[in-house]
Amino acid sequence: MTAVPGPDGLLRCPWGATADDLYREYHDTEWGREVHGRDALYERLCLESFQSGLSWITILRKRESFRRAFAGFDPERVARFGEDDVSRLMADASIVRNKAKIAATIANARVVLDLVGTDLDTLLWSFVTPPRPSRLVDASEVPAVTAESTAMAADLKRRGLRFFGPTTAYALMQATGMVDDHLSGCLVPALNTDSSSRYRAR
C-alpha cells in the first residue's frame, strides 16, 4: 500500500493515516526523526522491547506510565532496581506487566552503564549505513529485518542485552531515524542525505 490521505487529506504512511490523534502525531513528529543521547535511546530501546508481541499503539498510550514506573528511563536509577521494584512494577496495571520484559529492562540498564570503550549512542549509530537513494513507494517493500539490525542485535546480545532481537533492533532503527522508512509521498520530510558524516562504514 502506498501513502494514503489521513483525516486532514494529507498523505501519510498507511499506519500513520489514522483517526487516532496520538498515533498520527507520533507518525508526524517522532517516528523516523533522529534520536540521540543515552537516556533517550535507552527509553526507545526498552519501549521497543516491551512492544514485542503487542501493537505499538498499546505502548504509545502507556508511555507516560512507563516513564513514571521506570524513573524516567534513567539507566543509573533503573540499574538499582531490586525485587521490591519488580513486585511494584508487576502490580502496576498502567504498564505492560510482563516479568521477563521488566527484568530485561533492569538488566539492560546495567549493560548500558557497563559499556566499555563506547557509549549507547555511539554504539547504536555505528550500525547505520548511508540511506537509500530514494524512499520506498509501497509499505510491502519495507523490511522487518536487515543485515544492519541483525548485526546490531548480535553485538548487543554479546554485551548482555536481553529481549532485543533483529526485528526489535530494526524497529528501533526506524523509530529513531537510523533509517528512513517513511514512504514516498508521505508528508514527513526526508532525511538530509547530505549529512553523510553521520554514517559509518563497518
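**Exercise 1.** In this predicted model, classify tryptophan 15, with a relative accessible area of 28%, as buried, partly exposed or exposed, and then describe the ring pair that tryptophan 15 forms with tryptophan 31.

*Solution.* Step 1. Buried requires under 20% relative accessible area and exposed over 50%; tryptophan 15, at 28%, is therefore partly exposed. Step 2. Tryptophan 31 has a relative accessible area of 10%, so this residue is buried. Step 3. A search of the whole structure gives 10 aromatic pairs. In the pair of tryptophan 15 with tryptophan 31, the centres are 4.9 Å apart and the planes meet at 80°, an edge-to-face arrangement. Step 4. Tryptophan 15 belongs to the loop between β2 and α1, and tryptophan 31 to the loop between α1 and α2, 16 residues apart.

**Exercise 2.** Determine which arrangement the rings of phenylalanine 50 and phenylalanine 70 adopt.

*Solution.* Step 1. The ring centres are separated by 5.9 Å and the planes stand at 55°, so the pair is tilted. Step 2. Phenylalanine 50 is part of helix α2, whereas phenylalanine 70 is in the loop between α4 and α5; the pair therefore ties together parts 20 residues apart in sequence. Step 3. Both residues, phenylalanine 50 and phenylalanine 70, are buried. Step 4. Ring pairs join Phe50 and Phe70 with Tyr42, Phe66, Phe73 and Phe81 in a cluster.

**Exercise 3.** Characterise the packing of helix α9 against helix α10.

*Solution.* Step 1. The helices pack at an angle of about 115°, with axes 8 Å apart. Step 2. This angle makes α9 roughly perpendicular to α10. Step 3. The crossing is right-handed. Step 4. By class, the contact of α9 with α10 comprises seven nonpolar, two polar and one charged residues.

How values were computed: Residues numbered from 1 in each chain as written. Predicted model: local features only at pLDDT ≥ 70, side-chain atom pairs only at ≥ 80, totals over all residues. Heavy atoms only, no water. Axes fitted to C-alpha atoms, helices over the stretch in contact; angles between N-to-C directions. Helix = DSSP H or I, 4+ residues; strand = E, 2+ residues; numbered from the N terminus. Parallel < 35°, antiparallel > 145°, perpendicular 65-115°, else oblique. Left-handed = near helix turned anticlockwise from the far one by under 90°. Nonpolar A, V, L, I, M, F, W, Y, C, P; charged D, E, K, R; others polar. Phe/Tyr/Trp six-rings, centres within 6.5 Å; stacked < 30°, edge-to-face > 60°. Buried < 20%, exposed > 50% of the residue type's maximum accessible area, 1.4 Å probe, protein only.
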